[in-house]
Amino acid sequence: MATIDGRPAQYGISLKQLRELMEHRGREGVAMIGEFGGIHELCKKLYTSPNEGLSGSKADEEHRRETFGSNIIPPKPPKTFLTLVWEALQDVTLIILEVAALVSLGLSFYKPADEDAPVLQEEEEHHGWIEGLAILISVIVVVIVTAFNDYSKERQFRGLQNRIEGEHKFSVIRGGEVCQISVGDILVGDIAQIKYGDLLPADGCLIQSNDLKVDESSLTGESDHVKKGPDVDPMVLSGTHVMEGSGKMIVTAVGVNSQAGIIFTLLGAAVDEQEAEIKKMKKEAKKASKQTNKSLTGESDGRTPMKGSQAQAQASSQRQTVSEGTKSESDGNHVPQSSSTSAPAETGHKKEKSVLQAKLTKLAIQIGYAGSTIAVLTVIILIIQFCIKTFVIDEKPWKNTYANNLVKHLIIGVTVLVVAVPEGLPLAVTLSLAYSVKKMMKDNNLVRHLDACETMGNATAICSDKTGTLTTNRMTVVQSYICEKLCKVLPTLSDIPQHVGNLITMGISVNSAYTSNIMGGKNPGDLPIQVGNKTECSLLGFVQALGVKYQSIRDEIPEDKFTRVYTFNSVRKSMGTVIPRPNGGYRLYTKGASEIIMKKCAFIYGHEGTLEKFTRDMQERLIREVIEPMACDGLRTISVAYRDFVPGKAALNEVHIDGEPNWDDEENIMSNLTCLCVVGIEDPVRPEVPDAIRKCQRAGITVRMVTGDNINTARSIASKCGILRPNEDFLILEGKEFNRRIRDTNGDIQQHLIDKVWPKLRVLARSSPTDKYTLVKGIIDSAVSENREVVAVTGDGTNDGPALKKADVGFAMGIAGTDVAKEASDIILTDDNFSSIVKAVMWGRNVYDSIAKFLQFQLTVNVVAVIVAFIGACAIQDSPLKAVQMLWVNLIMDTLASLALATELPTPDLLLRKPYGRTKPLISRTMMKNILGQALYQLFIIFSLLFVGDSILDIESGRGQELNAGPTQHFTIIFNTFVMMTLFNEINARKIHGQRNVIEGLLTNPIFYTIWIFTMISQVLIIQYGKMAFSTKALSLDQWLWCVFFGIGTLVWGQLITSVPTRKLPKILSWGRGHPEEYTDAMNLGEERFDSIDSDKKPRAGQILWIRGLTRLQTQISVPVIGGELQERLIPVPYSKSNTDQAIRVVNAFRQGLDARYGEHTNTSLAEVLRKQTSLSKRLSETSSIEYADNIPDELTIPEIDVERLSSHSHTETAV
C-alpha cells in the first residue's frame, strides 16, 4: 500500500464527500459530522491532529494539494495586447480619421478616364497618396501608445491586487506550533485558529469554539449574525466574517471547492452562458417588468448594516421580507445584532465620486462640445469657400477629382476635433495616480482605491485611533496595585502573597486568547516579539516578569477544557473565561477596563492578602488615588478579577451551585467578583508622531483622537502628541457625554447639535464604534464650514467598518487591523504609523497639482491649435497646420506631456498651504492667466508668421497654394515655431502657483527631461526629413534659430505674465467653482443616462463622441477590480432542476461576498445590480480595461428582472 510521509496515501474521506458535507448547515451539519464518527474521527480520516495540526512535511503538503486542490481561485486571464489595440481602435474620432484617410488614399490613385489632366500635375499627383498613408500611420501610433498604456496600467493593477492578497495571512497549527501562513498555502486538513475580525479564507468544521458569531451575509444575504459551535452549527464558510469570539477549525475545502470558490467558478460559467442567453433574457425580462411593476429600490427595512462587512446588502433585507414564509427557523441560532454595536442604516450610500473626477468630467465634456463645434464650422467654411470659389467665381464644372478636395477638408475638420478633445487628460490622471500609488507603497501606504489617493490631498480632518497609530502598540506593564501596594516598578513573585500570586498568573495566562504570545527576538539582544493582542501580550509579559511561564499553565488547561468564554467586544469592554475547578465547581476569570471591572467587584485582597469587602467608598478611593493618577500618566489601566462557583459549602467570596449555572445570564455571572489587581500599561507615543501632527496642523488639517480608552489616558497622550495645544479652545468628551450633547429629547441624533460639538472636539474617549461613525457622518454632513469637510479616518477593529466606509478616505491598520477593517478601507497603512498618513496627504496634493500642471499646458495648446486651424480655414482656405502635423502635436501634448508632468515628485512645500477643499476651482485664476497669456503670445507669433512671415523672412509664401502643391518652407516654419513654443511652454507649465523659477527641480525628474529631449530630436528629424509625409520642407540654420528664438520667448513672456497681479483679475476667470454636487449632471451623462428602464432609446450620436473621453476618465480613475469583468455582466444563469442551487448561489453571491474579496465599494441593492449590471456605467467603472460607449451593443441594457422570483428561490436553499 502506497504511503506518504509514513501514512497511507488514501484518505478516509473523498473530495466529493467533503464538498457534500459543506453543503449542510445547522443541526444537519452536526448530524452529517456524526455520520463520519464525529469531528475527531474526521481529523483522523484526513490524517491530522486537532492539537498538533499537520506535520508540515513537503511531501504531505504536495500530496494534499494534488488530492484536494490548493487555496487559490485562478483569476480571469488579463486582456491581451491585441484585444487592447482592438479596443483603442473603437475610438470614434479615430474611426472617422481612418475612413477619411482611406478615402483620401483611394482618391489619390483614382484617375478619371474622361479628363485630360495636364502633364504638369503628374509629378504632384505622384505624392498624393503620402498624406493618406501618413495619417493612417499616425493613427496606428496613437492606437499602439493607447493600448500600451492600458496594458501597463492593467499589469500594475494586477500587481497591486496580488500585493493586497499577499498581505493576507492566517494562523494555523503545524507540527504543534502556531504559525502565520499566506492564505494561498492553506491545505485541507490544516487546523486553523479563527478569531474576532477574521475573513475566513477556506471552509471548515469547528473543533472547538468560544462564543463564536459569524456574519454570513456575503453568502446568504442573512443580515443577522449566525451563532456557530460544534454542537449548534459547526460549518464555517470561506468569504464570511467572524464578528465575535474565537475557535479552532479543521479545513475541509479550499480554492475552487470552497463555497466562495464554487461561486467564482459558476460566475465564470455564467459569463460564458449568458452571452448566448442575453437576447432571450431581454424578452423574458420585458414580460416580467410588465407583470411586476413593483418598486425595486431596495429600501432597507430598518435593519442595520453589518459592522464591518462591506456595508451590507439592502438587497438581503429585501429578500428577507419577500421570503419570510419560506425561511426555515429550525435552529434558532440567528442572533439579531445589538443596536448599540452597529452603525445606523445607510440606505444606498454610495461613495461620492472623487472631487477631481467630477470636475474633470465636466471640463472634458465642455471642451469636447466647444472643440466639435469649431471642427464642424471649420469643415463647413472650407467646403462653402471651395464651392463658391470653384463653381461660382471660376464657374468650373464638377469633376470627380474634386471629391479629393472635400475629403481633405473633412480630414482637417476631424483633426481639429482630435486636437480639441483632451484625451490626454484621463491619461494624465491615470499616470499620475498609478505613479503615486507605486511610490506610496514605499511610504507604507497600500492604496486599494485609486481615487482615495487624490481625495487625501483635500483632507481637512483626520479622526485617528490612539493605540498603534499614535502610539507604538508595544505595550508593557509599568505600574501595579496588588494587595494595597502600589508599585511604580514591577514587583517580584515573592512580594505578593502566594495564593494571590497564583490567582493572578493563572487568571492572566488562561483568560487571554491563546493566539496572543510572546516570542523571543530573532537576535539575542532584540526585544521579544508580541504576537496577537498587544494588551494581552503586555499582561503575559507581566506574568513572565514575575518569573512564571504562562505557556506551562496553558498546557495544563488547553482551550477545549474551557466551559465558557465571554470574548472581548466593544460593549463588554472585558473578557471572561470559565474553567472547571479540580475539586468540582467552576472558576470565572475576568479582565477589562478598570472602572468597568471595579463596579462588578464586591471583594478585594487587602494587606498581606486578606480578603476584604470592597465597599463603594473603597472603590471611589481606589479610582481617585490609583487609577486616575495612572491614567494621567498616559497609562491604560486594566483590572483582573475572579469568582468561584462551588458545589459544597461556599466561602465568603464564593457562590454555592447545585447544577451548572446559566452561563447565558451574563449579568449575574459577572457580579460579586473578587478584585486581584490593577495594572497600568504603557504604550509610548511614537517618536515621529508629534512632528507629523504639527505638519498636519500647519497644512490646515485638524487631527482628532477617537479612542476607547479612559479620558485621562486619552488627554495625556493627546497632549504628548500635540493634538491638544496650550491656549487653544478645545473639547474633550467621553462617549456618553458626546451622545447626550448630540441627541434631542427623543434620543435622535440632530445635525445642528453635532455642529455645536465637532468644530472644537479634539478627543473622544471611551467611545464605541457607533460614536465614531456618528462623528464622521456628522462632520461630513455638516454645512458649518464654507467648504464641505473632507474626512479621513483610521480604524483597526471589525466594528470600525461603517466609519471607514463612510469616511472620504478610510485607513486600515496593516499590522493590527482585522481583515474586515481592511476590506472596508481605501488605504492600508502597512506600518500602522500616523506619519504615513501625512505622506499620503502630500502625495494626494501632488496628484492634484500634477493634473493642474497638465491642464494648464494642454489647454494652451488646445486653444492655439483650434483657433489657428479655424482662422486659417476662414482666411486662406487652408489650415496652416496639416492633419499629420496636428496628430504629432496631439501626441506630444497628450501622451508625452502627461507622462512628463504627471511624474513630478512631491515637495514638502505642498504641506505649507491649506487644503483646496471640495469647492476650489479646478483652474485657478493664476492658471487661467497663464493659459490665456501664453495663448495670446503664441497666436500673435503664428498669425504674424502666417500673414507677413514670408516677406519678413524672405521666403516663398505658402498661402493660396493649390491642393496638391508640395510643402513650403513658410508653413513648415509656422509648424516648427508652434512646436517649439509648445515645448518651451511645457517648462512653464511645471509651476502653477505663480512661482518665478520654472527651472527649479527640473533635474530631479529624469522622466521629464528625457521626454523633452526626445520630443526635440524627433521634431528636428520631422522637419528636416519629413518631406511629403509630414508636409514639411527642410529649414536652414537661421530659420531654425528664428523658430527656437520664438520658442524661448514663451519663457520670457511667462515671467511677464507672472508679474500681472492675480488678485486684480475677475473671479470669473477661474473655472470649476461650486460644490461637486453641481457636477452630478455631468457625471450622470456617462452613468445614469442609459440606465433608465426604457433604455432602448439610444444616446444621441453626438453624445457618443464625448462619452468616449469621459468614459476613459471614469474607467481610469475608478480602480479596476480583478474579476470586474465577471461582475460587470452578471446575469443569473437560467434555472434548471440540476443547477438551481448553483444558480441561486450565484444570485446570492451578487452581494458583497465576491466584491469583498476584491475590495469593491458598491452598495447597490440586488435589484439595482440586476438592472444596471450591463448598463454603460457599470461596464465603464468596474472593468479593468477600457470600453467605450460606442462599442456596447444595445441589447445589453436589460430592463428590470423579477427579483421576487429569484429571491424567494434563493432563500429556500440558503436558509436551511
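Among contacts in the protein between residues at least 6 apart in sequence, what percentage join residues at least 24 apart? In this predicted model, the share of such contacts that join residues at least 24 apart is 77%.

**Figure 1. Overview of the predicted protein model, with its helices and strands.** The protein comprises 43 helices and 30 strands, and of its 1216 residues 62% count as buried. The area that the protein exposes is about 47,200 Å², of which carbon and sulfur atoms supply 58%.

**Figure 2. Close-up of the largest nonpolar core, which has 144 residues.** The members of this core that touch the most other members are Met 456, Phe 811, Phe 834 and Leu 855. Helix α29, spanning residues 834-876, gives the most to this core, contributing 22 residues. In soluble globular proteins, nonpolar side chains tend to be buried together.

**Figure 3. Close-up of the surroundings of Leu 855.** When its neighbours within four places in sequence are left aside, Leu 855 is in contact with Leu 360, Leu 363 and Leu 425, and also with Leu 922, Ile 923 and Met 927. Apart from the largest nonpolar core lies another core, of 41 residues, which includes Val 172, Ile 181, Ala 202 and Ile 250.

**Figure 4. Close-up of Glu 595 in helix α19.** Helix α19 covers residues 594-600 and includes Glu 595, which counts as buried because its relative accessibility is 18%, and buried means under 20%. The side chains of Glu 595 and Arg 766 are joined by a polar contact of 3.0 Å. With neighbours within four places in sequence left aside, Glu 595 is in contact with Asn 710 as well as Arg 766.

How values were computed. Residues numbered from 1 in each chain as written. Predicted model: local features only at pLDDT ≥ 70, side-chain atom pairs only at ≥ 80, totals over all residues. Heavy atoms only, no water. Helix = DSSP H or I, 4+ residues; strand = E, 2+ residues; numbered from the N terminus. Buried < 20%, exposed > 50% of the residue type's maximum accessible area, 1.4 Å probe, protein only. Contact = heavy atoms within 4.5 Å. Areas by Shrake-Rupley, 256 points an atom, 1.4 Å probe, with all protein chains shown as cover. Core = buried A, V, L, I, M, F, W, Y, C linked by side-chain atoms within 4.5 Å. Polar contact = N/O pair within 3.5 Å; in protein donor to acceptor, adjacent residues only side chain to side chain.
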